[in-house]
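Trainee: I am new to this structure and should like to be guided through it. May I put my questions to you one at a time?

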Amino acid sequence: MSRILQYAALLAYLVFLGFPLVWLLSTALKTPQEMAALDPSWIPREPTTANFAAAFGEQDLIGAGLRSLVVALASALLTVAVALPAAYALARYRGVLKRITLGWVLVSQVFPFISIIIPLFLVMRELGLVNTLAGLVLVHVTFTLPFALWMLQGYVRSVPRELEEAAAVDGAGRMRAIVKVVAPLLAPGVVATLLFSFISSWNEFLFALVVLKDPDVMTLPLTLVRFTGPEGVARLGPLAAASLMATIPSLVFFAIIQRRLRSGLMAGAVKG
Amino acid sequence: MRITSALAAVAVLALVTACGGGDTGEPPGGPGEPVKLDFLSLAWQKESVAANKAIVEEWNKANPHIQVTYVQGSWDNVNDQLVTSFEGGDAPDVFHDDSPALAGFAAKGYLLDLEGKLPAALRNDIPQAAWDTVTFDDGNGGQGVFGVPFLQESQVIIANKKLLDEAGVRIPTPAEPWTWDEFAEASRKLTKGDTYGVAWPMKSPVNKVLNLALNFGGTFFQTAGGRTTVKVGPEEKEVLRRIHDQLHKDRTADPAALGMGTADPLPGFFAGKHAMLPAGVYLRQQVAEQAPDDFAWVTLPPLKGTTSHQGAVSQTLSVSADSEHQEQAVAFVSFFLNGRNQARLAKGDWLLPTSREAAADPSINGEEDGWDVATASAKDLVVAPFLKVNGYDEWKSKVATPVLQEFFANKISLDEAARRLVDEGDKVLERYQR
């Protein structure tokens, strides 16, 4: 009985998650007339690809998508590359520095983006990074880093210290213990952090708006917003079509990487 | 591990830099090299974007020494984008915005004062009422003209033709518009069965109500001795009371539409649930695009109270004060907004041009899609009284929006609404006048 309830709850959750995506697909295939029907239907009565044609014809979605992909991948990799060693150090070493660092990470989350955007822009300009994707990557890494660090140090802490000690007893040096024992166990944490950083960067709008000026370097969110007008009025059809396309790369990225996203690898590693 | 990570970081950064591509600034403008201008446009409708691009292309072809780059922005974020660009010294040379945003930018010295810099033909082609929407304090005690106003919006009524004919009401014309009384009467005749005479979408009620209040001389603000205060007297209450009556006394306005944004009642309008929809002229575009094939609709001219005056703001083009090529930027703006081009832009955005020459253009005076009625309504537009009120935005979001929403939902009386608009409003305004 409880099993049935569990499945029912799971199904309800799936519907909850899937609804916006299905509705997006349905809207993308509707004509303007059908979008304004009083009784909207799930399945378009006269499906049309005109919205996709408009979306791709009017905006450089593919170019913008490729640029977004480069930025998101680079941001994700760079974030993990910087956060991983730092997270290990934070989780394993005690001391004043650790407390200060963790405190600082938390404090850094307090400032609203909008209040630091002008100083940030000035710094970027001094560095000659305005209007470059490298500049945007740097900003994205800076802003995902604190949370990524926090996330990863939680994972590192969950790897029992005893495993490293056991490796040491067997003659492994610190580096070897980390590479051979800890690193494989951290894979799910690394994957989760990669996903988090990728999606944050893929969706990010405000910094991209400020950093990228030239139409030739704009990312996907900046391109999608061009289908909207003032006061929430939008060209719903092309916007839905373009947004649907924009969700695909992150779905693919997730599909590729999610197999590594399992926990429980360490179950029974240490007798409690 | 740490060394590997560091190497990986360097490698990724190198990769990103290689892919980054974009250059960081203008090429050095040596002799013979064309001047480059960035033009941030907010056009978003398909036809309007096409018109913008076409005009820029014509300019670039005719002016090989002044090349303009068209950059498409978005209304939702343009002011955040501009503030950072101004502060960072990297603003577009020419940008599209609306007049309420310009007041703040002008006071901070971000904008070039265009007074005396525009060709007489353009200056004279646009009426003073429109120039008033872009004339602001320059932050140093003087006044300046900080943009060229080019598109304006009036409030018209979009109506279901079949229902109007069936109800046998007189169809108003620009020469003989409906009075508010006639409008109320027509709404009563049109309300039957499941059909409401009118839908008032009031998700953002403030600008709409304030612009319409001028029909009875309601200005909502008064300035005496250099101090601006909120005023809600009999003139201001008139439009408020009439809309409220339609909702709760006559019951000719659909209460379900109250929480809606401007375009949200369209499905109900097409389905015959609402016979009339008061809206900005631009909504005709969505009606034309989304209406079922057999749906007949008409555009009715603005209502008349003691006058037909409506408050208006303008869409504008401005030149950044720190543009390195101000003269060329002004020349481009003057070309972009000449009469012929304004007619194309107005048609693309389904709005009204400020240019008199454009207003006479046959392309925006036909009967189809209500262009004749829409274009004729431009003559009643005067500068919105709230445009030059410091602190208006805060009054609007913190005081007026909730108060008007509660009033239209019949949760508070007209007197209570008026009292709160004034008392709470004056407190807000006072902070801006210290």
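Trainee: Let us begin with helix H4 of chain B. Which residues of helix H4 (residues 99-107) of chain B are buried?
Mentor: Please keep in mind throughout that this is a predicted model. A residue counts as buried when 20 or more other C-beta atoms lie within 10 Å of its own. In H4(B), the residues that are buried are B:Ser99, B:Pro100, B:Leu102, B:Ala103, B:Phe105 and B:Ala106.

Trainee: Which strands of chain B do the buried residues of H4(B) pack against?
Mentor: The buried set includes B:Leu102 and B:Phe105. Their partners, and those of the other buried residues of H4(B), are strand E3 (94-98), strand E4 (135-137), strand E5 (143-145), strand E6 (148-152) and strand E14 (314-319) of chain B.

Trainee: What is the phi of B:Gly109, just after H4(B)?
Mentor: H4(B) covers residues 99-107. Just after this helix, B:Gly109 has a positive phi, and the value is about 80 degrees.

Trainee: Is B:Trp350 buried or exposed?
Mentor: B:Trp350 sits in the loop between helix H14 (339-349) and strand E15 (352-353) of chain B. This residue is not a glycine, yet its phi is positive, at about 60 degrees. Most residues other than glycine have a negative phi. Because B:Trp350 has 25 C-beta neighbours inside 10 Å, its class is buried.

Trainee: Which class of burial does B:Asn410 have?
Mentor: B:Asn410 is found in the loop between helix H17 (392-408) and helix H18 (414-432) of chain B. B:Asn410, a residue other than glycine, has a positive phi near 65 degrees. Since 13 C-beta neighbours lie inside 10 Å of B:Asn410, the class is partly exposed.

Trainee: How far apart are the C-alpha atoms of B:Ala50 and B:Leu345?
Mentor: B:Ala50 belongs to helix H2 (residues 46-62) of chain B. B:Ala50 has 14 other C-beta atoms within 10 Å, so this residue is partly exposed. Along the chain, B:Ala50 and B:Leu345 are 295 residues apart, but the separation of their C-alpha atoms is 9.3 Å.

Trainee: What separates the C-alpha atoms of B:Gln128 and B:Thr354?
Mentor: B:Gln128 is part of helix H6 (residues 128-131) of chain B. B:Gln128 is exposed, because 9 C-beta neighbours lie inside 10 Å. Although 226 residues apart along the chain, B:Gln128 and B:Thr354 have C-alpha atoms separated by 9.8 Å.

Trainee: Let us turn to chain A. How many helices are there in chain A?
Mentor: Chain A has 272 residues, of which 36% count as buried. Its C-alpha atoms fill a box of roughly 75 × 65 × 30 Å along the principal axes. Strands number zero in chain A, and the count of helices is twelve.

Trainee: Where is the kink in H6(A) centred?
Mentor: Helix H6 of chain A has 14 residues (113-126), so at 1.5 Å a residue the expected span is 20 Å; the end C-alpha atoms are 20 Å apart, which agrees. The helix nevertheless has a kink of about 30 degrees, centred on A:Pro119.

Trainee: Which helix of chain B helps to cover the buried residues of H6(A)?
Mentor: The buried residues in H6(A) are A:Ile117, A:Phe121 and A:Met124. Their cover includes helix H7 (133-158) and helix H10 (206-211) of chain A, and from chain B helix H3 (78-88).

Trainee: How do H9(A) and H12(A) run relative to each other?
Mentor: Helix H9 (residues 174-203) and helix H12 (residues 236-257) of chain A pack with axes 11 Å apart, at an angle of about 175 degrees. An angle over 145 degrees falls in one class, and therefore H9(A) and H12(A) are roughly antiparallel.

Trainee: How many residues of the contact of H9(A) with H12(A) are nonpolar?
Mentor: Among the contributors are A:Leu194 and A:Phe198 of H9(A) and A:Phe253 and A:Phe254 of H12(A). No residue of this contact is charged, one is polar, and the number of nonpolar residues is nine.

Trainee: Which element gives the most to the side of chain B that touches chain A?
Mentor: The contact between the chains takes 45 residues from chain A and 40 residues from chain B. Elements of chain B that each supply at least two residues include strand E2 (66-72) and helix H1 (2-20). With eleven residues, the element that gives the most is H1(B).

Terms used
Residues numbered from 1 in each chain as written. Chains lettered and ligands numbered in written order. Predicted model: local features only at pLDDT ≥ 70, side-chain atom pairs only at ≥ 80, totals over all residues. Helix = DSSP H or I, 4+ residues; strand = E, 2+ residues; numbered from the N terminus. Expected span 1.5 Å × (residues − 1). Bend = angle between axes of the 7 residues up to and from the residue. Buried ≥ 20, exposed ≤ 12 C-beta atoms within 10 Å, placed from the backbone. Contact = placed C-beta atoms within 7 Å. Axes fitted to C-alpha atoms, helices over the stretch in contact; angles between N-to-C directions. Parallel < 35°, antiparallel > 145°, perpendicular 65-115°, else oblique. Nonpolar A, V, L, I, M, F, W, Y, C, P; charged D, E, K, R; others polar.
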